[in-house]
Amino acid sequence: MDRRVFLSLLSAALTSPVVAVRAEPPLPKLRRLKLVNAHTGETFNGPYRDNSGPIAAAMADLSVFLRDHHSGETIDYDIGVIDFLASVLESVGAGEATVLSAYRTRATNEMLARTTFGVADNSQHIYGRALDIYLPARLDVAMETARAMQRGGVGWYPQSHFIHLDTGPVRNWDLGGEGFLRLLLKMQELIANGELSVSKDGGLSLGDAQKPLSASQRLALHRLVAKAEALVSGH
């Protein structure tokens, strides 16, 4: 081949645009959940999100699965708390979780607040932004992992063996353990002295006038319980 022809061809090859090979788009990554509802015995097992976002049919199923089991009412559940739960489970290698509490109507929440410690008057459960879950193993690790994510509220209930997750403001609290037991002993003392009484339906009232605790008093009691646990645990 003539030297000039060879150089001409070489120059053309070097200056020609490079045609990139189009990469195939990655397959959609499915995020899955395997859940059991402790109250109804129902299960959810399957994908709920892909690269396009939440899967509408799965979210509709989750709305029913996470319904208020007292009233049967549903709400469109917050995808943020679903993702929060999925991330926690993935991080600790948990294959499934048991849901102890999900959506609550205001009526249900008010009923629980009258008889149960730790139920906030304006709970994130009312808005479909909270989940209480149980894991058979590594529950404490799941709690610490969730707190490190800084994605919302994380409550730790070691005596009742569950954690609370929500997508409200970032905050942490503990309810249970030795501090909680000490507070219960103090409350027993108040009841024995007639300073605090408990009705047949579990309602608390104060003093001789037997006035039921107000919402603010119940909230103050909730904070006192959390503070007692924090003092004992050193948090």
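These legends describe close-up views of a predicted model.

**View 1. The whole protein chain.** The protein chain carries seven helices and 11 strands. It has 235 residues, of which 38% count as buried. About 13700 Å² is exposed, and carbon and sulfur atoms supply 57% of that area. Take the contacts between residues at least 6 apart in sequence: 54% of them join residues at least 24 apart.

**View 2. The open sheet.** Eight strands make up an open sheet with mixed pairing. Their order is β3-β2-β1-β4-β5-β7-β6-β8. The edges are held by β3 (53–54) and β8. Each of these two has a single partner strand, so one side of each lacks a neighbour in the sheet.

**View 3. Helices on the sheet.** Helix α5 (residues 139–149) packs on the sheet. The strands touched by α5 are β5 (130–134), β6, β7 and β8. The direction of α5 makes about 160° with that of β6. Helix α2 (residues 56–65) lies across another set of strands: β1 (31–37), β2 (43–50), β3 and β4 (97–101). Relative to β2, α2 runs at about 145°.

**View 4. Strand β6, buried on both faces.** Strand β6 spans residues 153–157. Five of its five residues are buried. Gly153, Gly155 and Tyr157 lie on one side of β6, and all are buried. Val154 and Trp156 lie on the other side, and they are buried too. Both faces of the strand are thus covered.

**View 5. The two partners of β6.** On one flank, β6 pairs with strand β7 (residues 162–166) in the antiparallel sense, over five bridges. Here the bridge partner of Gly155 is His164 of β7. The two strands form a hairpin with four residues between them. In the turn, His161 has a positive phi of about 60°. β6 also pairs with strand β8 (residues 171–174), this time in the parallel sense and over four bridges. Two of the facing residues can be picked out in β8. Trp173 stands opposite Gly155. Arg171 stands opposite Gly153.

**View 6. The crossing of α3 and α5.** Two packed helices are described by the angle between their axes and the distance between the axes. Helix α3 (residues 79–92) packs against α5 at an angle of about 125°. Their axes are 9 Å apart. Angles from 115 to 145 degrees fall outside the parallel, antiparallel and perpendicular classes, and α3 and α5 are therefore oblique to each other. The crossing of α3 past α5 is right-handed. On the α3 side, the contact is made by Phe84, Ser87, Val88, Ser91 and Val92. On the α5 side, it is made by Val141, Ala142, Thr145, Ala146 and Met149.

**View 7. Asp61 in helix α2.** Asp61 sits in helix α2. Its relative accessible area is 47%. Residues count as exposed over 50% and as buried under 20%, so Asp61 is partly exposed. Tyr48 is 13 residues away from Asp61 in sequence. In space, the two are 9.4 Å apart, C-alpha to C-alpha.

Methods
Residues numbered from 1 in each chain as written. Predicted model: local features only at pLDDT ≥ 70, side-chain atom pairs only at ≥ 80, totals over all residues. Heavy atoms only, no water. Buried < 20%, exposed > 50% of the residue type's maximum accessible area, 1.4 Å probe, protein only. Contact = heavy atoms within 4.5 Å. Areas by Shrake-Rupley, 256 points an atom, 1.4 Å probe, with all protein chains shown as cover. Pairing = 2+ DSSP bridges. Axes fitted to C-alpha atoms, helices over the stretch in contact; angles between N-to-C directions. Parallel < 35°, antiparallel > 145°, perpendicular 65-115°, else oblique. Left-handed = near helix turned anticlockwise from the far one by under 90°.
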